[in-house]
Amino acid sequence: MDKVFIFDTTLRDGEQSPGASMSLEQKYELAVQLGRLGVDVIEAGFPVSSPHQFESCRYISERLKGPTVAALARAVEKDLESAAEAVKKAEKPRIHTFIATSPLHMKHKLNKDPDTVVEMAVKAVTYARNKVPEVEFSPEDATRSELPFLCRILEKVINAGATILNIPDTVGYAVPEEFGRFIKAIKEGVPNIDKAIISVHCHNDLGLAVANTLAGVQNGARQVEVTLNGIGERAGNASLEEFVMALYVRRDLVPLATNINTNQLWNSCKLLSSIIGFPIPRNKPIVGENAFAHESGIHQDGVLKKRETYEIMTPESVGREVSKIVLGRHSGLHGFKTRLGELGFSLAENELKAAYEHFLQIADRKKEVFDDDLFVIVSEQMDSGQEAYLLDYFSIQSGNKAVPTAAVRLKTDDRLVEEAATGDGPVDAIFKAVDRVTGLKTELKEFAVQAVTPEKTAMGEVSVAVEIDGRTYSGHGASTDILEASAKAYINALNRYRRVSQIKTKA
Ligand code: KIV
Ligand code: ZN
């Protein structure tokens, strides 16, 4: 079967989702998992945009074996130079350069005429091609660009050395049949197209990103740009897991293969969700809690008689096997480490020991520790070690006739600072007491609680979105005590703010 290359942009476009910022260690952990998943290309970041972006691209490039590592750059020299520097040690480096080609963007955003845009694109590709062996070019807002102009610029950049032409539906405007026709027209309208691979990059503003991506490959695209859980700018990008499984399940209709190990899909999506603290919606295809749950009697009866009556793919095929190992307070470090390895984690010795201590505390409160609990434990571990604020202690007084009052003690800059506050409820009181310690002006935008696993002693996972200085920071925390989970989630969001503001200060 012909192959479709999977270009994962979770670490670049995905990280552009408000609140989805990741630390360098978290990005590397995810990149390693993406390698296990079998993606062909990892877009590690946009190096010129911040020192953190540069550093994470460089770090991943130097260490990751297997996938190509791509870095994004506008078609200007300082971006290209920074991207080239960031990926220069990668086993397989790629520079991905872009410039807008729609009349709207060229006139109002770039303030450049079409000939200048062609000139800049050719210059950028030539420059990049002198630095790395592989160059990808994207005409931004391609689907609102004029086709003859698009074909002209694509022909020129191929001559300059671009071997991957990515066609982005930047604003998620296209519909599948139209997008498919567009890709076909490019294939037929660019005379030297046989020297390049066509790629598609679809945004999900109308909920059509995966459908458009499929239409793209049905019409000749052989690389797709996707993200885990479909995260990305605004409504997100095409979801990797949905696209891969659509292609796999409907291989009768679209006979194309990928290098993806589908049994790593579930782990990968869970890992991302626990790193960025965005819960996976229950009804999310492939990886949502309900994706393989059969509620109605008729469906249950059918599945029991023959699985295929209501299941078009098996949970096992996407890695959702029920773990045979249940860990508990008597589990040793070896069993703990083995299960983490099976789930795709590779912690350093000191991180593993700290995660094990954390696990023992949870196992003490809860009889059995499930895989979902382990994702939470490990993601908290990955987040630790660089916090500006650490929860040392809290206490609550509350009741249906009492004024909820919280006392909170945080460790910050090696000092213990304690404050108390009253609030509209115990959670509000905790958040207000924390604000008194930090002195930050915050606005809580979202607060959600969900049980990590379904038993009575389940850990609760709290996710928050907090606005500080006009930007949103997500946070998550888990505990068998919901108030403790809430405090941890809130403090986690404040730590993300501190991390980003430190990066800004360094810049
Ligand atoms: O959506 C878009 O146009 C992009 C480009 C940089 C490829 O993300
Ligand atoms: Zn994009």
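Strand β12, residues 405-412, runs antiparallel to β13 and is joined to it by eight bridges. This pair belongs to an open sheet of three strands. The model is a predicted one, and it also holds a barrel closed by eight strands. In general, the strands of a sheet pair through backbone hydrogen bonds, in either the parallel or the antiparallel sense.

**The open sheet**

- The strand order is β11-β12-β13, with antiparallel pairing.
- β11 (389-397) and β13 (415-422) stand at the edges with a single partner strand each, so one side of each has no neighbour in the sheet.
- From one strand to the next, the twist averages 15°.
- Helix α15, made of residues 426-438, packs on this sheet and touches β11, β12 and β13. The direction of α15 makes about 135° with that of β13.
- Within the pairing of β12 with β13, Arg409 stands opposite Glu418 in β13.

**The barrel**

- Its strands follow the order β2-β3-β4-β5-β6-β7-β8-β9, and the pairing is parallel.
- The twist in the barrel averages 25° from one strand to the next.
- Six bridges link strand β7 (residues 164-169) with strand β8 (residues 197-202) in the parallel sense.
- Pro168 has His201 in β8 as its bridge partner.

**Helices packed on the barrel strands**

- Helix α6 (residues 147-160) touches β6 (134-140) and β7. The direction of α6 makes about 165° with that of β6.
- Helix α7 (residues 176-189) touches β7 and β8. The direction of α7 makes about 155° with that of β8.

How values were computed
Residues are numbered from 1 along each chain as its sequence is written. Chains are lettered from A and ligands numbered from 1 in the order in which they are written. This is a predicted model: local features need pLDDT of at least 70, side-chain atom pairs count only at pLDDT 80 or more; totals for chains, interfaces and linings use all residues. Side-chain values use heavy atoms; hydrogens and water are left out. Two strands pair if DSSP finds at least two bridges between them. Helices (H or I, at least four residues) and strands (E, at least two) are DSSP runs, numbered from the N terminus. Axes are lines fitted to C-alpha atoms, for helices over the stretch in contact, and angles run from 0 to 180 degrees between N-to-C directions. Contact means heavy atoms within 4.5 Å.
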